[in-house]
Amino acid sequence: MTRQQVLDLYFMDARSKLIDLAAFIDRVERAAGEEDFRMKSFREALNHLSNGHREKAKQVLLTFSDPTTGPIPAATTKAACGAYPGAPN
Amino acid sequence: MKYIEPHAHMVSRVTDDYAKMALAGCAAVCEPAFWAGFDRGSADGFHDYFCQLTEHEPKRAAKFGLPHFSWLCINPKESEDVKLAQEVIALIPKFLDRPNVLGIGEIGLNKNSRNEMRVLEMHVDLAARHNQLILVHTPHLEDKLKGTRLILDVLKADQRIQPARIIIDHVEEHTIKLVLDAGMWAGMTLYPESKCSPPRAIDMVEVYGNERIWMNCACDWGISDPLAVPKTALEMRKRGHTEAAIEKLVFQNPANFLGQCPKFKLAN
């Protein structure tokens with residue numbers, strides 16, 4: 001596909017998702033209380049969207065990923081929360 | 001359009017979904033053992049589940065002309081209890097000769113714990129001793145990258161396992177290359193919110209090629225779409241992919257991987 005064709009096919013969908021992201025951040029910032037590690041990672045990931053590097057999806061995923069390499073001592077929960085807390089599990 | 005659904009948890013789906021899949025062109029459905037959404041209390045619960053996967057579910061699928069295949073294991077979410085896992089793994093060999101069992105899966109990791117690793121190694125040993133195909137679940141979200149690396153380390157360490165007989169499922173942009181570079185197959189799971197969307201799956205095909213890759217819906221008891229594969233085929237058509245390229249990804253590739261098990265046969 002040409003760049004024009006990609007834009008024709010996906011621009012409206014991406015525009016809608018971008019506005020949803022903006023509205024989500026507005027919602028968080030309107031709410032009382034402190035942000036947690038998830039929003040910190042989220043804001044860090046947003047930086048990847050406007051830089052000139054390729055593989056933006058990969059960079060966003062890496063931002064949210066646990067960077068450690070060894071197994072944890074024990075699983076105390078089953079669910080993932082979407083961002084690495086930055087402390088030992 | 002003819003396609004294979006290589007990963008769907010049909011025990012959690014209503015019968016209407018079989019009808020919809022058949023209408024959409026599904027030629028076969030494959031069902032790995034997974035977490036029921038709650039922890040089973042004993043090995044007996046798994047015994048009944050394995051009977052469901054190998055006796056009851058094939059009959060339900062057959063009503064719609066769909067061959068049904070299954071994979072057996074104790075899933076990573078219930079692998080923290082090593083004693084239970086040992087009891088469940090001891091049950092599996094007597095099911096391996098059943099006509100719809102393709103291999104061991106979906107094994108892998110969930111939270112990347114030591115016990116999960118130990119149970120993964122036990123499953124890999126079981127697969128090696130019985131010459132079974134392996135289907136691997138990779139962890140969700142922030143745990144996926146680390147878990148994929150740990151899983152690859154375990155699999156590479158067992159020289160009895162041929163990489164081409166392993167599919168690592170739920171790859172995303174940050175893990176697909178690790179899997180393909182290891183000589184294994186990569187599964188892209190089309191799932192709302194987590195895993196990947198149809199456009200992203202096609203992006204990965206366009207970047208990494210269409211060899212040793214399949215797509216699946218992994219529909220289960222959560223919000224998921226049993227028609228995600230044919231919908232992604234439609235998305236490929238919108239992008240101008242040829243019919244041959246689409247068929248390779250949604251039919252020929254899964255047929256080639258699954259066909260390594262002689263029990264995988266499709267109706268003419």
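This is a short walk through a two-chain model, from the sheet of one chain to its contact with the other.

The model is predicted, so local features need pLDDT of at least 70 and side-chain atom pairs count only at pLDDT 80 or more, while totals for chains, interfaces and linings use all residues. Residues are numbered from 1 along each chain as its sequence is written, and chains are lettered from A in the order in which they are written.

Let's start with chain B, where an open sheet of 8 strands runs in the order β1-β2-β3-β4-β5-β6-β7-β8 with parallel pairing. Strands here are DSSP runs of E with at least two residues, and helices are runs of H or I with at least four, numbered from the N terminus; two strands pair if DSSP finds at least two bridges between them. At the edges sit β1 (3-5) and β8 (213-216) of chain B, each pairing on one side only. Inside the sheet, β4(B) and β5(B) are joined by 4 bridges, and Gly103(B) has Leu133(B) of β5(B) as its bridge partner.

Now turn to the contact between the chains, which takes 28 residues from chain B and 23 residues from chain A (two residues are in contact if their C-beta atoms, placed from the backbone, lie within 7 Å). On the chain B side, α5(B) gives the most, with 5 residues.

That helix deserves a closer look. Its 14 residues should span 20 Å at 1.5 Å a residue (1.5 Å times one less than the number of residues), and the end C-alpha atoms of α5(B) are 20 Å apart, which agrees. The buried residues of α5(B) (20 or more other C-beta atoms within 10 Å of their own, all placed from the backbone) include Leu150(B), Ile151(B) and Leu152(B). The buried residues of α5(B) pack against α3 (56-64) of chain A and, among other elements of chain B, β4 (101-108) and β5 (133-137).

Methods:
Buried ≥ 20, exposed ≤ 12 C-beta atoms within 10 Å, placed from the backbone.
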